[in-house]
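The paragraphs below lead through a protein and its ligand, beginning with individual side chains and ending at the ligand itself. Please keep the structure open beside the text while reading.

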Amino acid sequence: MKILIIGASGTIGKAVAENLKDQHELITANYNSGEVQVDLSSIDSIKAMFDQIGSVDAVISAAGLANFGALAEQSDDDYQLALNNKLMGQVNLLRYGRQFINSGGSITLTSGILSRQPFPGSASVSMVNGALESFARAAALELENLRINVVAPAFVKETMELMGMDSGSGISAADTARAYRVAVEGDMNGKTLDVTDHI
Ligand SMILES: NC(=O)c1ccc[n+]([C@@H]2O[C@H](COP(=O)([O-])OP(=O)(O)OC[C@H]3O[C@@H](n4cnc5c(N)ncnc54)[C@H](OP(=O)(O)O)[C@@H]3O)[C@@H](O)[C@H]2O)c1
């Protein structure tokens with residue numbers, strides 16, 4: 001399959017590319033690097049990316065920005081970032097990218113376990129994660145010959161290490177990547193794949 005990976009230079013995206021590279025043709029799109037550059041928060045940038053790449057069999061998004069912060073301290077900008085980048089950026093990949101995905105193809109977006117297992121400081125992140133999962137469940141009812149699914153990663157070991165946290169409870173990026181492969185190669189539609197079910 002010809003697969004476009006957005007966020008392929010990130011902790012999760014790199015592992016997804018590594019997992020898929022032997023069996024599929026990959027095109028990478030990151031913010032600063034990759035074969036194509038894209039800004040998820042810009043519809044024009046998303047359109048330009050698809051115009052440049054043309055048709056693909058699958059799209060994977062392993063990107064999406066949102067800030068953690070106490071409920072009392074989250075600013076309007078924090079909410080706008082979560083809404084415009086992580087939520088609408090990925091929703092717009094489907095809205096503007098669907099015509100470029102070949103019949104029988106798929107799009108896989110990224111939410112996170114915080115939709116179902118929040119912690120203090122995760123409100124805006126949990127909000128958009130839940131919205132992405134609901135969007136996919138509903139959009140799947142109307143898509144023909146195109147599947148949409150969401151992968152909900154747990155805290156990734158490498159990310160915890162980068163943050164100076166104890167990574168004992170984390171799931172490696174390589175293990176996280178398996179759920180993306182299942183979403184692309186499987187036949188599910190409208191589902192949220194919990195990475196812990198695919199290790
Ligand atoms: N890591 C975790 O523990 C974890 C857990 C649950 C959910 N998630 C979710 O998984 C996704 C990926 O997380 P990650 O930790 O792998 O992220 P990451 O390491 O920070 O990588 C982010 C990726 O997104 C790209 N990117 C940044 N800003 C962008 C923009 N405006 N438009 C398009 N692409 C942009 C980056 O490109 P450049 O390298 O060019 O900047 C990079 O490829 C996010 O949605 C995150 O919320 C992560």
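A useful place to begin is strand S2, which covers residues 25-30 and includes Asn 30. The model is a predicted one, and the distances and areas given here are computed from it. In this model Asn 30 has a relative accessible area of 5%, and because buried means under 20% relative accessible area, Asn 30 counts as buried. The side chain of Asn 30 has a polar partner in the backbone of another residue, for one of its polar atoms lies 3.2 Å from the backbone nitrogen of Ser 9.

Ser 9 leads on to the ligand. While the backbone nitrogen of Ser 9 is the atom that faces the side chain of Asn 30 at 3.2 Å, a polar atom in the side chain of Ser 9 lies 2.6 Å from an oxygen atom of the ligand. An oxygen atom of the ligand is also found 2.6 Å from a backbone N or O atom of Asn 32. With Asp 39, the ligand contributes a nitrogen atom instead, and this atom is 2.9 Å from an N or O atom in the side chain of Asp 39. Considered alone, the ligand exposes 900 Å², of which the protein buries 79%.

The wider surroundings of the ligand can now be added. The ligand sits in the largest pocket, and the elements that give two or more residues to the shell around it are helix H1 (11-20) and helix H3 (76-97). There are 26 residues around the ligand, and those that come nearest are Ser 9, Asn 32, Leu 40, Lys 86 and Thr 159. By character, the residues of this shell divide into twelve nonpolar, twelve polar and two charged.

Helix H1 also holds Leu 20, which is buried, with a relative accessible area of 1%. For a sense of distance across the model, Leu 20 may be set against Asn 67: the two are 47 residues apart in sequence, and their C-alpha atoms are 29 Å apart in space.

A last side chain to consider is that of Asn 129, in helix H4, which spans residues 123-139. What relative accessible area does Asn 129 have, and is this residue buried or exposed? The value is 1%, so Asn 129 is buried. Its side chain reaches the backbone oxygen of Gly 112 at 3.4 Å, whereas the side chain of Asn 30 has the backbone nitrogen of Ser 9 as its partner.

Methods: Residues are numbered from 1 along each chain as its sequence is written. This is a predicted model: local features need pLDDT of at least 70, side-chain atom pairs count only at pLDDT 80 or more; totals for chains, interfaces and linings use all residues. Side-chain values use heavy atoms; hydrogens and water are left out. A residue is near a molecule or strand if one of its heavy atoms lies within 4 Å of it. A polar contact is a pair of N or O atoms within 3.5 Å; within protein, one must be able to donate a hydrogen and the other to accept it, and residues adjacent in sequence count only if both atoms are side-chain atoms. Accessible areas come from the Shrake-Rupley method with a 1.4 Å probe; for residues, only the protein chains shown count as cover. On a 1 Å grid over the protein atoms alone, a cavity is a set of points where a 1.4 Å probe fits but cannot get out, and a pocket is an open set with protein on both sides within 12 Å along at least five of seven lines; lining residues have an atom within 4 Å of a point. A molecule sits in a cavity or pocket if more than half of its atoms lie within 2 Å of its grid points. Helices (H or I, at least four residues) and strands (E, at least two) are DSSP runs, numbered from the N terminus. Ala, Val, Leu, Ile, Met, Phe, Trp, Tyr, Cys and Pro count as nonpolar, Asp, Glu, Lys and Arg as charged, and the others, Gly among them, as polar. Buried means under 20% relative accessible area, exposed over 50%, partly exposed in between (1.4 Å probe, protein chains only).
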